Structure formats: structure tokens, C-alpha cells
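Hello,

Here is the structure I said I would pass on. Please look it over before reading my notes underneath.

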Amino acid sequence: MKISDRLMQVKPSATLAVNAKALELKAQGREIISLSVGEPDVPPSAHIGAAAKQAIDDNFTRYTAVPGIPELREAVAGYFNRFYGVDAAVENTIVTNGGKQALYNLFQVLLNPGDEVLIPTPYWVSYPAMVQLAGGVPVTVAASAEADFKISVKDLKQALTPRTRVLLMNSPSNPTGACYTREEMDEIAAWAIENGLFIISDEIYDQLVYAPASPAGLAPWWQSNPGQVCVVNGLAKSFSMTGWRVGYVLGHPDLVKALGKIQGQSTSNVCSIAQKAALAALTGPFDALDTLRTEYARRRDIALDIMSGWKDVVCPKPDGAFYLFPDVHRLYNDTIPDSATLCTRLMEDAGVALVPGVAFGDDRCVRISYAVSEETLRDALGKISKVLFP
Ligand code: PLP
């Protein structure tokens, strides 16, 4: 079977080996606790499901306009107006098949062969592959645990070349949970704009920021520089709607048209029923968000408290998302030389699945998701503690 050169240059997901191992152990009857999930553990609010049921009852099941039904695009604009105080309109928005398709299509639309994309690292697993599939070159810009996993303008300057076209920001971050402050974000955005770059801001976790921190989204920068900034968001994380596959972009009308063109020739509209559910989610009520934030902040603190006893492990306190990304490299030795081996060992000996940091471009770390019940979290971290520090 001949597979295209384009696909052959893309690395297979480093998480696959861990998943395969988990399946193998489960098949042997072992109980494996998963702290590797990237989705909320609570269902969406009842009014969201009710809107989907109503859509089915109303036979709202035909093709819709490719960029989304107008009332949902308006609700997306309203979301940015409400939470970020900008003046967005329907023509600034497009509804996509998850944040993932938004990002994939953005690179297809923005990049010419050889164009470089600056990617703060640790990064979300799919960014480099998406850039490569669009003919671009991913350029990683490393941030360490000691720097709270944040990059600065100084780091970006060192990575800038005449081929740099896009800066990709992700705050709060998957996998680190790091959130840039308003000042940090403004400094980076100003530098990127000055240098003629286009900024893609992936803000899929923007509702999962824990007080006293607050989200530093780039919608205001889009407002002042519409041709150089766009914001990607979606319903998956904030509204517990991972399987519904609804994402969206805020951008210049020309960018929205270009995204519509590629979507029209590939996947067409997002599922009509999911669009009605998304409309219900984005127009509120938003009370469930407060409950979710309080609960995740509590679990984060429980996990950090347990991990504070882990000698030689460095883990900054993240302000958002539902991940911890401890730097565990000081525990490596001849038999456990990297994050993938450590995760395999933890699965075998502790019965807990984590994601190796190498999947996110940082082999010194592992990713722990705390989107699980308190009981599961305590149980899993207790088991890890016993294996790492017998
Ligand atoms: N961006 C980040 C940082 C993510 O973590 C994810 C999902 O894990 C996505 C984008 C894609 O989300 P969606 O499920 O909306 O495609």
C-alpha cells in the first residue's frame, strides 16, 4: 500500500503506545485508572441536550449553510462581545467541526510551502502535524517548568526568521494549564503584530481559568488588527461537549470566507443538531461554568498538595484547563530514561495511565488530567506516589 509522502512525514501520535499498553493490561483483567483524558467528566447542562432533542423533533436535520446557521454565528459573535467586550458580527465568525478543524483549516488557508509557524512548547499534540500537512514548518519555542511554561518576547525573537508567518498561542494551555497574564499576552501580541506575523490564538479552555487569574484572550487584539489576528474556540471543554464537535473562529471576513471555501469543499456544515445544541450553550445560562471552575480549582489544589511530597519533581501551579504537567526528569535513570518509559512503568506497576510529555514536545514531563472524581484522583496519585517513592 502506497501512502503519500505528505502523510509519511507526520509522526504517529506518541500517545498510541501508552493506549495500546492500557488496552493490553485491561485485556489481562488489570484495572487501569486513566488520568490521561482530555475532556470534562461532567455531562453538558440539561438545556443543551433539550435543544438537540427539539432539533430532531422539528426535523432540523438537513444540510445547513456551510459556515453555520446564522443564529449560531450571531451567538458566537455575541459570546466574544459578552466576554471580551468586542464588536463582532456574523461575518466575523464561522462554525467548524470542533476547534480541531478550525486549526487544521486555518493552516491550510494561511500557509504557503516553507512558511514557518512559531509554536510555544510544550504544545498541544496536533499543532506540528497540522502545520506540516499544510506544507508549513513548525518551529518550537521552548518554555520550562521553571518559567511556568510560558515563553517571552525574548524567546520568540530568537526563533524569528524571514520565513516566519504565524505565531500560535494557546492560553490556557494543553498540556501545562499555563495562563498568560494580560500584560504578558499584550507584550507578545504587540511584538508579533509589529513583526508582521499572523497570530492564531487557541482559546478552547478560556472558561476554565481559576481565580484570581482571568482569561487574557486576544479578541481585543483582533478588533484592533483584524487582518493579523484570529481566535479559535469551541464548545468541547467549557460546555462539556467534546463529542458534539462544534468549534468556531473569530476573524476577518476574508479569512472567514477562505475558511468557508475549504470547509465547503471538504466537510460542509457541522451537524445541524449539534449546531442547535451549541446555540443553546452559547446563549446561556452560564451557571454551570461557575460550578465547573470551582470544582476543577479544588481538584487541582488536591493534586498539587499530594504532589508537593514528590521529591525532585517540579510542577508549577497552573491557572487554567484541567492538566498538571510535572517535570519528572530528575527521576529518570538507566532503566527509565524518558517520559514514555516512565508512563509505561506507572501503568504496569501503579495501574495508572498518564500521557508522556514527549507527545507534547517535552520529554522531561508527564501530563496528568484532573478531570476525574476526587476519589479517583486521590487513589491514582496515591498509587503513583507508592511506585515513585517506595
Ligand atoms: N486545542 C486544544 C489546546 C485542545 O486541547 C483541543 C482538544 O483537546 C482542541 C484544540 C480541539 O478541540 P475540539 O474537541 O473542539 O476539536
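The notes below deal with the two domains and the contact between them.

This is a predicted model, in which local features need pLDDT of at least 70 and side-chain atom pairs count only at pLDDT 80 or more, while totals for chains, interfaces and linings use all residues. Numbering starts from 1 along each chain as its sequence is written, and side-chain values use heavy atoms, with hydrogens and water left out.

Domain 1 covers 5-43 + 288-388 and domain 2 covers 46-283; these bounds come from an automatic or database domain assignment. Their contact (heavy atoms within 4.5 Å) involves 35 residues of domain 1 and 33 residues of domain 2. The C-alpha centres of the two domains are 25 Å apart.

About 2700 Å² is buried between domain 1 and domain 2, with 61% of that area from carbon and sulfur atoms. Buried area here is the accessible area (1.4 Å probe) lost by two parts on being put together, summed over both.

One salt bridge crosses the interface, taken as a side-chain nitrogen of Lys or Arg within 4 Å of a carboxyl oxygen of Asp or Glu. Arg330 and Glu146 form a salt bridge through their side chains, at 3.6 Å from N to O. Polar contacts (N or O atoms within 3.5 Å, one able to donate a hydrogen and the other to accept it; residues adjacent in sequence count only if both atoms are side-chain atoms) link 13 residue pairs between the domains, both residues at pLDDT 80 or more.

On the side of domain 1 that touches domain 2, helix H1 (5-8), helix H12 (287-307) and strand S9 (323-324) each supply at least two residues. H12 gives the most, six residues. Helices (H or I, at least four residues) and strands (E, at least two) are DSSP runs, numbered from the N terminus.

Regards
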